[in-house]
Amino acid sequence: MRQRIQMVDLHGQYMKIKAEVDAAIAEVIDSSAFINGPAVGRFASALAQYAGAAYVIPCGNGTDALQISLMALGLRPGDEVIVPAFTYVASAEVIALLGLVPVMVDVDRDTFNTDIRFIEKALTPRTRAIIPVHLFGQSCDMAPIMEFAQAHGLYVIEDNAQSLGAVYRFRDGSCRHTGTIGHIGCTSFFPSKNLGCYGDGGAVFTDDPELAGRIRMTANHGQQVKYHHDVVGCNSRLDTIQAAVLEVKLRHLGEYCQARQEAAARYREMLGDVDGIELPAESAYSTHVYHQFTLKVADGRRDALKEHLASCGIPSMIYYPLPLHRQKAYLKPDLSLPVSEYLASGVLSLPMHTELDSGMQERIAGAVKEFFRK
């Protein structure tokens with residue numbers, strides 16, 4: 001019997017590290033230190049060392065990480081924050097929740113990422129911050145974004161929920177992990193992420209000690225000393241059990257990224273000669289850790305390809321069917337962002353995970369080729 005193809009195989013990944021994970025969870029249960037137990041601090045320290053960040057503050061999820069970051073910056077209602085239109089809603093949602101104004105911009109057609117060309121056009125006297133999103137597994141071109149932010153006194157909060165493990169190359173040859181380049185970086189440990197826990201989780205990165213203190217205080221009800229609340233905060237923390245799982249999985253993140261890159265290389269070999277699709281672009285300034293393997297499908301045939309794959313027992317996903325400026329909650333009918341609109345109508349993500357093998361990919365590629373032979 002052929003193995004079922006999944007978009008993400010979390011169970012298969014778990015089975016390879018079952019003994020490590022089970023022991024880590026059992027240790028937390030035996031200690032009963034379910035909130036702020038030792039594993040939380042150990043994981044934060046290990047992640048900071050891995051990424052090269054001075055401070056890592058764990059929190060409840062990736063959306064919280066973004067919201068806490070904006071709260072810690074002290075922005076005021078009406079301040080504008082530039083955000084790409086082609087991304088998951090959380091990036092804009094937290095801006096609106098705080099009474100700030102999300103200013104949506106277009107993205108680069110090839111990399112799907114936030115692009116300095118569109119950021120420059122969106123600047124107004126009310127602009128206070130930029131949220132570049134490292135989409136699908138590789139970095140935005142951060143050097144020009146940081147130079148622009150410095151020139152105009154703007155904060156940069158990296159949304160690194162999909163690209164933890166990717167490395168950005170500066171023009172001088174130096175490198176930094178995504179999430180550690182801006183003033184603040186945010187990530188998510190949603191189970192399907194490259195580093196995912198077994199529930200919800202997130203973290204905030206910064207090299208600024210003052211910002212780190214404000215972020216930590218904001219996430220802890222606005223208190224540094226228990227029952228003494230200096231600012232309006234929230235309650236967002238990483239459970240100890242999730243930290244214990246992440247501490248184990250962080251030790252395997254390098255091999256997870258490599259497995260995804262190898263799977264991407266196989267897709268490229270199998271699908272490189274198929275007319276009607278464009279394979280994901282790999283930029284010269286970033287490694288790619290392939291959170292998603294996303295095709296551009298020509299001639300309006302994306303939905304038909306998705307239906308064909310489903311008929312062959314192959315899942316696929318559309319990230320994202322509507323850009324943010326076309327969502328009802330954020331609708332801007334007079335705003336035209338042609339690249340985001342084009343991508344929303346034409347991209348399709350194939351299965352991508354650490355357990356994907358060549359046999360599965362041959363079936364997936366075969367189904368794609370069959371569709372385009374019709």
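This passage describes a sheet, the elements around it and two helix pairs in a predicted model.

The sheet is open and has seven strands. Their order is β1-β9-β8-β5-β4-β2-β3, and the pairing is mixed. Strands β1 (55–59) and β3 (101–105) stand at the edges. Each has a single partner strand, so one side of each is left without a neighbour in the sheet. On average, neighbouring strands are turned by 25° against each other, direction ignored.

Two pairs of strands show both senses of pairing. Strand β8 (residues 184–188) and strand β9 (residues 202–206) run antiparallel. Four bridges join them. Here Thr187 stands opposite Ala203 in β9. Strand β4 (residues 127–130), in contrast, pairs with β5 in the parallel sense. This pairing extends over two bridges. Ile130 stands opposite Val156 in β5.

Strand β5 (residues 155–159) is largely enclosed by the rest of the structure, because four of its five residues are buried. In general, the side chains of a regular strand alternate between the two faces of the sheet.

The loop between β5 and β6 (167–169) holds Ala161. The relative accessible area of Ala161 is 18%; this is under the 20% limit, so the residue counts as buried. Neighbours within four places in sequence aside, Ala161 is in contact with Cys186, Thr187, Ser188 and Lys193. One of these, Thr187, is the residue that stands opposite Ala203. Asp273 lies elsewhere: Ala161 and Asp273 are 112 residues apart in sequence. Their C-alpha atoms are 32 Å apart in space.

Helix α5 (residues 90–97) packs on the sheet. The helix touches β2 (80–84), β3 and β5. Its direction makes about 165° with that of β2, an angle over 145°, so the two are roughly antiparallel. The buried residues of α5 are Ala90, Ser91, Ala92, Val94 and Ile95. They pack against α4, β2, β3 and β5. An α-helix has 3.6 residues a turn, so residues three or four places apart point the same way. After α5 comes Gly99, with a positive phi near 80°.

Two packed helices are described by the angle between their axes and the distance between the axes. Helix α4 (residues 62–72) packs with helix α8 (residues 209–219) at an angle of about 120°. Their axes are 9 Å apart. The angle falls outside the parallel, antiparallel and perpendicular ranges, and α4 and α8 are therefore oblique to each other. The crossing of α4 past α8 is right-handed. From α4, Ile68, Met71 and Ala72 take part in the contact. They meet Leu211, Arg214, Ile215, Thr218 and Ala219 in α8. By class, this contact has six nonpolar residues, one polar and one charged.

The second helix pair joins α10 (residues 253–271) and α13 (residues 358–373). Their axes come within 10 Å and cross at roughly 35°. This crossing is right-handed. On the α10 side, the contact involves Ala263, Arg266, Tyr267, Met270 and Leu271. These residues meet Ser358, Gln361, Glu362, Ile364, Ala365, Val368 and Lys369 in α13. The contact of α10 with α13 divides into seven nonpolar, two polar and three charged residues.

Methods. Residues numbered from 1 in each chain as written. Predicted model: local features only at pLDDT ≥ 70, side-chain atom pairs only at ≥ 80, totals over all residues. Heavy atoms only, no water. Axes fitted to C-alpha atoms, helices over the stretch in contact; angles between N-to-C directions. Parallel < 35°, antiparallel > 145°, perpendicular 65-115°, else oblique. Left-handed = near helix turned anticlockwise from the far one by under 90°. Contact = heavy atoms within 4.5 Å. Nonpolar A, V, L, I, M, F, W, Y, C, P; charged D, E, K, R; others polar. Buried < 20%, exposed > 50% of the residue type's maximum accessible area, 1.4 Å probe, protein only. Pairing = 2+ DSSP bridges.
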